[in-house]
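Visitor: I am new to this structure and would like to learn how to read it. Could you walk me through a few features?

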Amino acid sequence: MGKDEKKKMDGINPEQAAPEELEEEIRDEEQAQAEDTAEEAESAEEARDPLEKELEALQSELEDAKDKLLRTAAEYDNYRKRTEREKRESASFGAAGALEKLLPAVDALERAAEAECSDAEYKKGLIMTLAMFENAFANIGLEEIEALGADFDPTRHNAVASDEPDEEHPSGTVTRVLQKGYRLGERVIRPAMVAVAS
């Protein structure tokens, strides 16, 4: 409703109204519009509040789901790595047992190859057989433990005798290897049987 219509309804002709009355009417109308705008803003705010709360709840759920997914992926990765390591270790344990049983036969071949023999072809065949064992062991990853001249290490060496220290072998070093030791990776299959300077 316009100002003129309101004035006419109030019985006042807008052309005859005083400027003060017109200003008052304008202020009243502006105040009414401001109140209407404030009410509309309040109702819009009230309508937005539940949506914002719902949005925040959904965002929180999404963050929780992302966190759970990351944790599950990390757990799966750890599980995969652990099972691979256990598989390698179990294969290593199986190989270690078999190799440990073969080592006395290899020791016997080494002693036979070092012994005097009148038949050169026989000795050549023995040395070739020993070389085949050594190549097979190398392919599997079996390595001889360094012992002669090395510092005594109770995790790799088994001291069965002692010798007097000298310039070449100070105290605490291996002076003689009585039986070779072997390791598969970091696992000791058989410690080296040694004499130590002490």
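Guide: We will go from the overall layout to one helix, one loop residue and some salt bridges. Please keep in mind that this is a predicted model.

Visitor: Which elements make up the chain, and in what order do they run?

Guide: A good start is to list helices and strands from the N terminus. Here there are 3 helices and 6 strands, and the order is α-α-α-β-β-β-β-β-β. Of the chain's 198 residues, 17% count as buried.

Visitor: How do I read a single helix, say α3? Which of its residues are buried?

Guide: Begin with its length, then look at its faces. Helix α3 covers residues 120-140 and spans 30 Å from its first C-alpha to its last, close to the 30 Å expected. Leu126, Leu130 and Phe137 are the buried ones in α3. Looking down the axis of α3, the buried residues fall within an arc of 30°, so they line one face of the helix. On the other side of α3, the exposed residues include Glu121, Met132 and Asn135.

Visitor: What should I look for at the ends of α3?

Guide: At the start, a side-chain oxygen of Asp119 comes within 3.3 Å of the backbone nitrogen of Glu121. After the helix comes Gly141, with a positive phi near 110°.

Visitor: Now a loop residue: is Thr173 buried or exposed?

Guide: For this we compare relative accessibility with a cut-off: under 20% means buried. Thr173 has 5% relative accessibility, so Thr173 counts as buried. This residue sits in the loop between β2 and β3. A polar atom of the Thr173 side chain lies 2.6 Å from the backbone oxygen of Pro170. Beyond its sequence neighbours within four places, Thr173 contacts several residues, among them Phe152 and Val196.

Visitor: How many salt bridges does the whole structure have, and what can they tell me?

Guide: The search finds 10. The useful habit is to ask where the two partners sit. An α-helix has 3.6 residues a turn, so residues three or four places apart point the same way. In helix α2, Arg80 and Asp77 are 3 residues apart, and their side chains meet at 2.4 Å, N to O. Glu84 and Arg80 are 4 residues apart in α2 and form a salt bridge at 3.4 Å.

Visitor: Which salt bridge partners lie in strands β1 and β4?

Guide: Glu143 and Arg183, with their closest N and O atoms 2.8 Å apart. Glu143 is in β1 and Arg183 in β4, so the pair ties together parts 40 residues apart in sequence.

Terms used: Residues numbered from 1 in each chain as written. Predicted model: local features only at pLDDT ≥ 70, side-chain atom pairs only at ≥ 80, totals over all residues. Heavy atoms only, no water. Helix = DSSP H or I, 4+ residues; strand = E, 2+ residues; numbered from the N terminus. Expected span 1.5 Å × (residues − 1). Buried < 20%, exposed > 50% of the residue type's maximum accessible area, 1.4 Å probe, protein only. Arc of directions from axis to C-beta. Polar contact = N/O pair within 3.5 Å; in protein donor to acceptor, adjacent residues only side chain to side chain. Contact = heavy atoms within 4.5 Å. Salt bridge = Lys/Arg side-chain N within 4 Å of Asp/Glu carboxyl O.
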